[in-house]
Amino acid sequence: MSQSAIAIFDLGKTNSKLFVISREGTVLSEARTNPVWRDEDDVRVLDDETLFNWMRRSLVHAVTMHGVDRIMFSGHGCTFALVRGDHLLHPILDYEQEPPAAVADRIDRLIPGYSETFSPRLPLGFNFGRHILWLADRSPQLLDICDAILCYPQFWSWKFSGHKVSEVSYLGCHSHLWAPVADDFSTLVDSQGWRSKMREFARAGEEIGQCDLELADGTSVALAVHNGVHDSNSALYYYRSLGFSDFTLVSTGTWVVIFNPSSPLDTLDRERDMLANVTVDHNPVATIRFMGGREYDVASGDWKQAVSAEAVLAVIEKKAFALPSFAAGGPMPGREGRFIGPQLQGEERAAAALLYVALMTDLSLDLIGSVNPIVIDGGLVKTGLYAAVLAALRLSQTVYSSSNAEGSAFGAAALVFEQFGESPFKNECTVSRPAEIPGLEAYRDLWRAELDRLAGNIVKEKQLLERQA
């Protein structure tokens, strides 16, 4: 590999980033933007051209300033593109929208069983096979004429290189399109005649083509384009590349995604947003998730500062609680998020939100059978106390906090470096000291008792509706 740098596009739902990483594993520069999601007809879609233009402008700067000669992509889940030749046939759907009820009733009958795909039946487009069925229902000719169904990172590798490929970590992420145990496409793909539209697999990080980029001075350069990866699976790969083996990863961002490779798949509960992810090397991994970053933003009133231990203690003493769920999905479906107890404002409200996300993480770790060391990665580390509170809730486990909040981007870079037999990143994770917050354990017990009461009410309401029907 040359001494040049790698451009990593880490494409999130609300924030997309470019990291320029040197051969020594150092971040040389970074740039950020907010993808634009706009209404078109009766659906919400990505303004992909605006994002593409930003990516190309940022890439020109990275090449000029840092000699970038390779591009790699890490992408958020639940998103796909239908293409034909060199054209996008339909704008990329925002996964946070629900098909009309009559359409949902038709398409949901086609979904394979959980024992085949280990994809729980989720709302909106959280299973992106469901959104493909929605587009097929809206415009049957789209699926007839498209020549490739591309996952989100592969859409971008195609935009830059012109090459259409598939990648297993993304297809295997609760899409309904993949059967993890069989290591093959699901019966949905074959029943709908989509197998011919699934392109040949390339491993995440593999070089698949090149991009000719024109620079500001009129000259052009050829950049190698590498096959992209699902973002949370990229983070899992990153920590494994640092030497972690038997561990649970808590990958945080818009979603909190918890991987426990030591948990058997037969312990998964489809009613609690538990699923089998698939690693870049085709191995199923027991996973549970909830939209923790989004829920923190909503519950905290979009608080942007660190939360103090004093504010957390005040919330515990007041016995004020945030209860699920402030976003769709997660292990406690069926209820709208709310607060109970004394009314909170400002930092105390943010402290209640922080406790809520930590308690939801703690519950999820129990559900996924986590007893091994825990590694926390991603944006929630920046809230300050999240790792320390979680460590206090999991005293029997060592909790590591990553000093690098960008595990998905660094995992993408590590996949590229691997192609050349290189591994420049060092393990800089630190053990999180448990927060010393009086009353925390009792607060958890009260919170869980309230969840049990809510779950009982949900069951009773469901039984009543069934009798009335």
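Reader: When do two strands count as paired in this predicted model?
Author: The model is predicted. The test looks for bridges that DSSP finds between the strands. For two strands to pair, the number of bridges must be at least two.

Reader: In what order do the strands of the open sheet of 7 strands run?
Author: This open sheet has mixed pairing. Inside it, strand 15 (residues 248–252) and strand 21 (residues 374–378) run parallel, joined by 5 bridges. The order of the 7 strands is 17-18-16-15-21-22-23.

Reader: Which strands stand at the edges of that sheet, each with a single partner strand?
Author: Start from the order 17-18-16-15-21-22-23. An edge strand has a single partner, so one side of it is left without a neighbour in the sheet. The edge strands are strand 17 (274–278) and strand 23 (430–431).

Reader: Which residue in strand 21 stands opposite Thr-248?
Author: Strand 15 covers residues 248–252, and strand 21 covers residues 374–378. The two strands run parallel. Opposite Thr-248 stands Ile-374.

Reader: How many bridges pair strand 7 with strand 9?
Author: An open sheet of 3 strands has the order 8-7-9, with antiparallel pairing. Strand 8 (87–88) and strand 9 stand at its edges, so each has one side without a neighbour in the sheet. Val-83 stands opposite Ala-148, and Ala-81 stands opposite Leu-150. Strand 7 (residues 80–84) and strand 9 pair over 4 bridges.

Reader: Are the residues of strand 9 buried or exposed?
Author: Ala-148 and Leu-150 point one way from strand 9 (residues 148–151). Ile-149 and Cys-151 point the other way. On both sides, the residues are buried.

Reader: At what angle does helix 6 run to strand 9?
Author: Helix 6 lies across strand 7, strand 8 and strand 9. Just after the helix, Gly-162 takes a positive phi of about 85°. The angle between helix 6 and strand 9 is about 110°.

Reader: How many of the 10 residues of helix 6 are buried?
Author: Helix 6 covers residues 152–161. Its buried residues include Tyr-152, Phe-155, Trp-156 and Trp-158. The helix is largely enclosed by the rest of the structure, because the buried count is 9 of the 10.

Reader: Why is strand 2 largely enclosed by the rest of the structure?
Author: Ser-16, Leu-18 and Val-20 on one side of strand 2 are buried. So are Lys-17, Phe-19 and Ile-21 on the other. Strand 2 (residues 16–21) is therefore largely enclosed, with a buried count of 6 of the 6.

Reader: Which residue takes a positive phi in the hairpin of strand 2 and strand 3?
Author: Strand 2 pairs with strand 3 (residues 27–33) in the antiparallel sense, over 6 bridges. Their hairpin has 5 residues between the strands. The residue with a positive phi, near 85°, is Gly-25.

Reader: Which word describes helix 12 relative to helix 13?
Author: Helix 12 (residues 346–367) and helix 13 (residues 386–393) have axes 10 Å apart. They pack at an angle of about 45°. That makes helix 12, relative to helix 13, oblique.

Reader: With which side chain does the side chain of His-230 make a polar contact?
Author: His-230 lies in strand 14 (residues 229–230). His-230 counts as buried because its relative accessible area is 4%, and the cut-off is under 20%. At 2.8 Å, its side chain makes a polar contact with that of Asn-233.

Terms used. Residues numbered from 1 in each chain as written. Predicted model: local features only at pLDDT ≥ 70, side-chain atom pairs only at ≥ 80, totals over all residues. Heavy atoms only, no water. Buried < 20%, exposed > 50% of the residue type's maximum accessible area, 1.4 Å probe, protein only. Polar contact = N/O pair within 3.5 Å; in protein donor to acceptor, adjacent residues only side chain to side chain. Axes fitted to C-alpha atoms, helices over the stretch in contact; angles between N-to-C directions. Parallel < 35°, antiparallel > 145°, perpendicular 65-115°, else oblique. Contact = heavy atoms within 4.5 Å.
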